[in-house]
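Here is a quick walk through the model shown below, taking the overall make-up before a few helix contacts and single residues.

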Amino acid sequence: MTLADGIWQQIFTFDHYGELLVLVRNSLIAGAALGLIGGLAGIFVIMRDLPFAVHGISELSFAGASAALLLGANVVAGSIVGSLVAAGAIGLLGARARGHNSAIGILMPFGLGLGVLFLALYKGRAANKFGLLTGQIVAVDTPQTTWLLGTSAVVLIALAVMWRPLTFASADPDVAEARGVPVRGLSLAFMIVLGLAVALSVQVVGALLVLALVVTPAAAAARVTASPVLLPLLSTVFAVISIEGGILLALGSSIPISPYVTTISFTVYVVCRLVGSRRTRRLGARRAVPQPV
């Protein structure tokens, strides 16, 4: 067997795939929920220019999950606590994008350092440590699935309640504030919701690659449509395809889930970008054609 064959078998090996599929039933259920909230929350992440915030929140989510792992507590609960602390701090310290970036630049190394410290002190399975960074597909047990689904429901309800005013405040905050929309309150509320979404995503794709689930699908959808109906729909579809496809592919290999999720997500983005660019060129060519007098 050549080196290339050995690497290929590590990436794609589907021996006993049907038997292994039963092991990820909870992960598939959780993945569908995470794709839904990630796709919807990602729309506002793009509109409000907050991709950096997602990464910053994921670092403290990682620290919270690591602390829970060290203490023998619920890892999902620890991840949520860490995310909420980061989201609240970012929302309070920086009202504008520049302030957000400064706050995130302070929080990120602190959260990552804490997470590394807690993992260094943890003497359990190495797979548990590695999974917090790069994701695990069989680590979502029934209690964690309950936590994930319950928190996902809270996120969806919150997004539904503030969808219209948040869209207005994200598109034109100055005009929205002049019309009486509580822009600062909505900003903080959304950061809390985003913190919950990130905490849930960390459980499957890991802390390092949350952007592939929360940011990339929405960015891909924005490349092909600006429709207020199609945009969240496509973003959600892309996110669900990325995470469910990543779970199913990772099941047949010895590679962590995150490379598969990120590869699918990136591929979708590249295709959408090409489609969007082609559509823009066609529109430009039509406008350049002289109209008959």
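What percentage of the 293 residues in the chain do buried residues make up? The figure is 47%, where buried means under 20% relative accessible area, exposed means over 50%, and partly exposed is anything in between (1.4 Å probe, protein chains only).

A word on ground rules. This is a predicted model, so local features need pLDDT of at least 70 and side-chain atom pairs count only at pLDDT 80 or more, while totals for chains, interfaces and linings use all residues. Residues are numbered from 1 along each chain as its sequence is written, and side-chain values use heavy atoms, with hydrogens and water left out.

**The overall picture**

The chain has 14 helices and 0 strands, both taken from DSSP runs (H or I and at least four residues for helices, E and at least two for strands) and numbered from the N terminus. Of the contacts with a separation of 6 or more, 77% link residues 24 or more positions apart; contact here means heavy atoms within 4.5 Å.

**α3 and its partner α13**

Helix α3 covers residues 25–47. From its first C-alpha to its last, α3 reaches 34 Å, close to the 33 Å expected for its 23 residues; the expected span is 1.5 Å times one less than the number of residues.

Now for the packing. Two packed helices are described by the angle between their axes and the distance between the axes. For α3 and helix α13 (residues 230–251), the angle is about 145° and the axes are 7 Å apart. The axes are lines fitted to C-alpha atoms, for helices over the stretch in contact, and the angles run from 0 to 180 degrees between N-to-C directions. The crossing of α3 past α13 is right-handed, meaning that the near helix is turned clockwise from the far one by less than a right angle (anticlockwise would be left-handed).

On the α3 side, the residues that meet α13 include L28, G31, A32 and G35; on the α13 side, they include S235, A239, I243 and E244. By class, this contact has 13 nonpolar, 6 polar and 1 charged residues. Ala, Val, Leu, Ile, Met, Phe, Trp, Tyr, Cys and Pro count as nonpolar, Asp, Glu, Lys and Arg as charged, and the others, Gly among them, as polar.

E244 deserves a closer look. This residue lies in α13 and is buried, with a relative accessible area of 16%. Neighbours within four places in sequence aside, E244 is in contact with L28, G31 and A32.

**From α3 into α4**

D49 sits in the loop between α3 and α4, and has a positive phi of about 55° although it is not a glycine. Most residues other than glycine have a negative phi. D49 is also exposed, at a relative accessible area of 54%.

Next comes α4, where the 21 residues should span 30 Å and the end C-alpha atoms are 31 Å apart, which agrees. Of those 21 residues, 16 are buried, so α4 is mostly covered. Just after α4, G72 takes a positive phi of about 75°.

**α4 against α10**

The axes of α4 (residues 51–71) and α10 (residues 183–205) come within 9 Å and cross at roughly 60°. The two helices are therefore oblique to each other; under 35 degrees would count as roughly parallel, over 145 as roughly antiparallel, and 65 to 115 as roughly perpendicular, with the rest oblique. As α4 passes α10, the crossing is right-handed. A53, V54, I57, S58 and S61 in α4 meet α10 residues including L194, G195 and V198. The residues of this contact divide into 8 nonpolar, 3 polar and no charged.

**Two residues further along**

L211 lies in helix α11 (residues 211–214), and A220 is found in helix α12 (residues 216–224). L211 is partly exposed, with a relative accessible area of 31%, whereas A220 counts as buried at 0%.

Leaving out residues up to four places away in sequence, here is what each one touches.

| Residue | Touches |
|---|---|
| L211 | P51, V54, H55 and T216 |
| A220 | F238, V268, Y269 and C272 |The C-alpha atoms of L211 and F52 are 8.9 Å apart, with their positions 159 residues apart along the chain. For A220 and V268, 48 residues apart along the chain, the C-alpha separation is 6.8 Å.
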